[in-house]
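User: I have a model with a ligand in place, and I want to know what backs each label put on its contacts and spaces. Please go through them one by one.

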Amino acid sequence: EEEIPEDHPRYQDLLTRHRIEEGVEKGITHLQGMHAEGRGSAFDYLLGEETIPTADEAERAAAAHLLLADRPVLSINGNVAALVPGEMVDLAEAVDADLEVNLFNRTPERMEAIADHLRDHGAEDVKGLEADARIPNLDHQRAKVDEEGIYAADVVLVPLEDGDRAEALEEMGKTEIVVDLNPLSRSPQVADVPIVDNIIRAIPNVTAHARDLADADEDRLWEIVEEFDPDHALEAAEERIRNGL
Ligand code: PTJ
């Protein structure tokens, strides 16, 4: 395995790319995931490769939503599994959420490989394999979800999600939290909470906020949720990118 020196100016980016390559080799990540990573990396470069203040606010609002939820679910695809498997397990524990494997390019082999990978990182129950319910208004393969998971969820965290699916979940009336480095893509635009940040930084920070808010009362959590303005967060991210150019 190739070593990346930690003092390399592009250390994080190279590490990320390396994890995606490994994910592809292990049968976890789809080849398209490499293209997705390349796009994300370009946006991250323009954002300064840091969590901007409005992303931190979004991460705090996401934590509040997840803590308030009756049935929170964290969705996992091939990129998420390669980049932040242990971090997703930690977040699920911190907010008492379920983990559900939900793939855009669904194959039984990749579903199993990802579920195993999550179990290797400490997940106890991994949903998604039953696929006994469908998201309305999506084609068959892409609509598959677990009845007791995403289908019944009130709050869903869908990182790096496809626009059609993000829209269909929103139409089901779910509170949707999206992580996506591109503020112009449809998924963050339809989300209740768009987190424009690298998933590598975003997930641990949502968990940190959730731990910080663990003893907060419901009124305080609702206040945080209501103070958050998704349009402002998207505009601030776009402005940062324009300035970055
Ligand atoms: O594993 P599957 O089959 O479910 O497929 C997953 C991918 C990501 C390949 C699939 O959903 C896809 O093709 O997604 P898109 O349409 O390329 O969208 C991915 C979005 O995530 C893009 O807007 C990227 O900018 C963004 N993105 C990529 N890497 C990161 C990211 N956002 C946050 N953190 C990243 N590390």
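User: What makes the pair between the ligand and Ile199 a polar contact?

Analyst: The model is predicted, and in it a polar backbone atom of Ile199 lies 3.0 Å from a nitrogen atom of the ligand. A polar contact is a pair of N or O atoms within 3.5 Å, so this pair counts. The protein buries 92% of the 750 Å² that the ligand exposes when taken alone.

User: How do you know that Phe104 and Arg110 make polar contacts too?

Analyst: The cut-off is again 3.5 Å between N or O atoms. For Phe104, a backbone N or O atom is 2.7 Å from an oxygen atom of the ligand. For Arg110, a polar side-chain atom is 2.5 Å from a ligand oxygen atom. Both distances lie within 3.5 Å, therefore both pairs are polar contacts.

User: Which residues come nearest to the ligand?

Analyst: The shell around the ligand has 21 residues, and Arg39, Gly78, Phe104, Arg110 and Asp180 come nearest. By class, the shell has seven nonpolar, nine polar and five charged residues. With six residues, α2 gives the most to this shell.

User: Why is the ligand said to sit in the largest pocket?

Analyst: A molecule sits in a pocket if more than half of its atoms lie within 2 Å of the pocket's grid points. The space taken by the ligand is the largest pocket, so the ligand meets that rule. Two elements, α2 (32-47) and α4 (78-83), give two or more residues to the shell around the ligand.

User: What is known of the space and lining of that pocket?

Analyst: The largest pocket holds about 870 Å³ of space. It is lined by 43 residues, with Ala36, Glu37, Arg39, Asn79 and Leu160 closest to its centre. Its lining takes 10 residues from α2, which gives the most. The lining divides into 12 nonpolar, 17 polar and 14 charged residues.

User: Why is the space lined by Ser75, Ile76, Asn77, Asn102, Pro159, Leu160, Glu161 and Arg165 called a cavity?

Analyst: In a cavity a 1.4 Å probe fits but cannot get out, whereas a pocket is open. The space lined by these residues is the largest cavity, so the probe has no way out of it. Its volume is about 40 Å³, and the count is one cavity of 30 Å³ or more.

User: What makes Pro159 nonpolar and Arg165 charged in that lining?

Analyst: Pro counts as nonpolar and Arg as charged, so Pro159 and Arg165 fall into those classes. The whole lining has three nonpolar, three polar and two charged residues.

Technical notes. Residues numbered from 1 in each chain as written. Predicted model: local features only at pLDDT ≥ 70, side-chain atom pairs only at ≥ 80, totals over all residues. Heavy atoms only, no water. 1 Å grid on protein atoms, 1.4 Å probe; cavity = no way out; pocket = protein on both sides within 12 Å on 5 of 7 lines; lining within 4 Å. Points joined across faces, edges and corners; volume = space filled by probe spheres on them. Near = heavy atom within 4 Å. Polar contact = N/O pair within 3.5 Å; in protein donor to acceptor, adjacent residues only side chain to side chain. Areas by Shrake-Rupley, 256 points an atom, 1.4 Å probe, with all protein chains shown as cover. Helix = DSSP H or I, 4+ residues; strand = E, 2+ residues; numbered from the N terminus.
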